[in-house]
Amino acid sequence: MDFKQSIQQTIEQHAQRFKDISLFIGANPELGNEEFLAAARLKEELVFHGFEVQAPVLGIETAFIATYKAAKPGPIIAFLAEYDALKGLGHACGHHLICMMSTGAAVGLKSVIDEIGGEVRIYGTPAEETCGAKVPMAAAGLFDDCDIALMTHPYDHYEKSGKSLAMDAVQFEFFGQSAHAAASPHEGINALDAVIQTFNGINAFRQQVKSTVRIHGIINHGGQAANIIPDYASAQFYVRAATRHELNTLTRRVIQIAEGAALQAGCRLETSNYETSYDEMVTNRALSDTFTANLVQAGIALEDITEGEDHGSMDIGNVSLHCPAIHPYIQVIDEKHALHTPEFRDLAMQDRAMEGMLLAARTLAWTACDVITNPELLAQIKEEFALLKNGTS
Ligand SMILES: [Zn+2]
Ligand SMILES: [Zn+2]
């Protein structure tokens with residue numbers, strides 16, 4: 001029996017366990033960094049399949065790294081697992097499927113790894129929807145020795161791994177002086193003026209940015225009452241660009257605009273990051289093509305797999321700058337519904353979604369198997385990654 005058949009058989013053998021865990025996590029949604037039930041269930045499953053589990057990671061309670069290393073040396077394969085839910089919506093992004101796509105893939109690959117050589121790792125990465133744990137994990141170098149990192153995301157159609165924007169979440173707080181707005185306005189320093197001038201300045205600046213740039217914000221404090229000059233006002237912005245390199249310049253300009261606004265209003269400004277910054281996702285094309293070929297081998301028609309698109313910002317971006325990575329989308333529902341909707345959430349608990357999860361597990365494991373057993377392919381993947389590193393550093 002060939003390796004891919006063995007992988008498939010192993011996943012089929014454990015299919016009911018995988019579905020049960022996915023349904024359990026789906027029925028017990030937990031917010032980012034609070035995924036205690038999900039992490040416990042996944043770790044338990046990985047121990048059952050003979051993985052060594054390390055947790056917590058970098059002090060993140062619900063993060064883990066599970067490893068199985070074959071005696072025979074070979075590439076290190078990282079499967080990324082997400083399991084956080086959305087506030088008020090539960091598992092409407094299908095992360096209860098993502099964690100089992102990757103866990104199933106790891107179990108499948110482990111069944112042949114002693115023969116083909118290498119190391120299988122599952123990274124449990126909490127809080128993808130808020131302050132993604134992949135960011136500190138990547139910064140700490142936890143992906144630097146990985147040959148490839150893979151995950152798949154549930155969706156309403158098949159889509160190749162694409163790109164995402166680098167993102168900074170910037171907060172501006174302006175401090176002025178309150179005063180009676182009618183009786184003694186001359187004694188006031190209006191912090192809200194600084195916020196309004198920041199928006200005006202950013203809106204004027206839009207003419208000079210690339211069409212791929214996104215700058216969007218809200219006023220989260222605008223004063224207490226119309227008869228009091230606000231002594232405190234603040235705004236939060238997301239600033240996004242195609243690359244981290246571009247974004248650094250852009251965010252600096254946005255901060256300068258806020259500084260100018262503070263100067264105009266006579267306020268003091270405090271700038272901070274209110275969420276974790278994400279880097280852009282760079283898809284490794286050679287790895288992505290291998291995954292697509294495996295989907296086709298599993299019976300998915302090539303014309304049903306759309307080209308990769310831009311999907312906002314994702315914490316796998318940071319991983320993709322540390323090792324070759326992909327983030328393709330797998331069809332798990334047969335109706336057209338966006339992620340983060342109640343419709344997607346409900347359909348993602350059906351049998352159809354579980355079948356999608358198992359298909360993702362199989363094709364992820366097959367892709368890793370191809371990379372391990374085809375040194376030329378691995379060399380090509382690494383060459384492409386080296387070009388990326390040279391281009392951005
Ligand atoms: Zn989401
Ligand atoms: Zn998601």
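In the predicted model, the zinc ion (ligand 2) is coordinated by three residues, namely Cys-93 through SG, His-95 through NE2 and His-153 through NE2, at 2.1 to 2.3 Å. Along the sequence, the donor residues of this ion follow the spacing C-x1-H-x57-H. His-95 belongs to helix H4 (residues 95-116), whereas His-153 belongs to strand S6 (residues 153-155), so the two histidines tie together parts of the chain that are 58 residues apart in sequence. Both His-95 and His-153 are buried, a class that requires a relative accessible area under 20%.

The zinc ion (ligand 2) is accompanied by the zinc ion (ligand 1) at 3.2 Å, and Cys-93 bridges the two ions. The zinc ion (ligand 1) is coordinated by SG of Cys-93, OE of Glu-129 and NE2 of His-340, at 2.0 to 2.3 Å. The spacing of these donors along the chain is C-x35-E-x210-H. Glu-129 and His-340 link distant parts of the chain, being 211 residues apart. Glu-129 is placed in the loop between strand S4 (119-124) and helix H5 (134-139), and His-340 is placed in the loop between strand S14 (329-331) and helix H10 (342-347).

Accessibility was also computed for the donors that the zinc ion (ligand 1) does not share with the zinc ion (ligand 2). Glu-129 is partly exposed, with a relative accessible area of 23%. His-340 is likewise partly exposed, at a relative accessible area of 36%. By contrast, the histidine donors of the zinc ion (ligand 2), His-95 and His-153, are buried.

The secondary structure of the chain comprises 12 helices and 14 strands. The radius of gyration is 24 Å, close to the 21 Å given by the globule rule for 393 residues, and the chain is therefore as compact as a globular protein of that length. The C-alpha trace spans about 85 × 45 × 40 Å along its principal axes. Of the 393 residues, 54% are buried. Among contacts between residues at least 6 apart in sequence, 81% join residues at least 24 apart.

The chain exposes a surface of about 16600 Å², of which carbon and sulfur atoms supply 50%. Its charged side chains number 28 positive and 50 negative, and the centres of these two sets lie 3 Å apart.

Conventions: Residues are numbered from 1 along each chain as its sequence is written. Chains are lettered from A and ligands numbered from 1 in the order in which they are written. This is a predicted model: local features need pLDDT of at least 70, side-chain atom pairs count only at pLDDT 80 or more; totals for chains, interfaces and linings use all residues. Side-chain values use heavy atoms; hydrogens and water are left out. Donors are N, O and S atoms within 2.8 Å of the metal (3.2 Å for Na, K and Ca); water is not among the atoms, so sites may look incomplete. Helices (H or I, at least four residues) and strands (E, at least two) are DSSP runs, numbered from the N terminus. Buried means under 20% relative accessible area, exposed over 50%, partly exposed in between (1.4 Å probe, protein chains only). The radius of gyration is taken over C-alpha atoms; the globule rule is 2.2 Å times the number of residues to the power 0.38. Contact means heavy atoms within 4.5 Å. Accessible areas come from the Shrake-Rupley method with a 1.4 Å probe; for residues, only the protein chains shown count as cover. Lys and Arg count as positive and Asp and Glu as negative; His and the chain ends are not counted. The place of a charge is taken as NZ of Lys, CZ of Arg, CG of Asp or CD of Glu.
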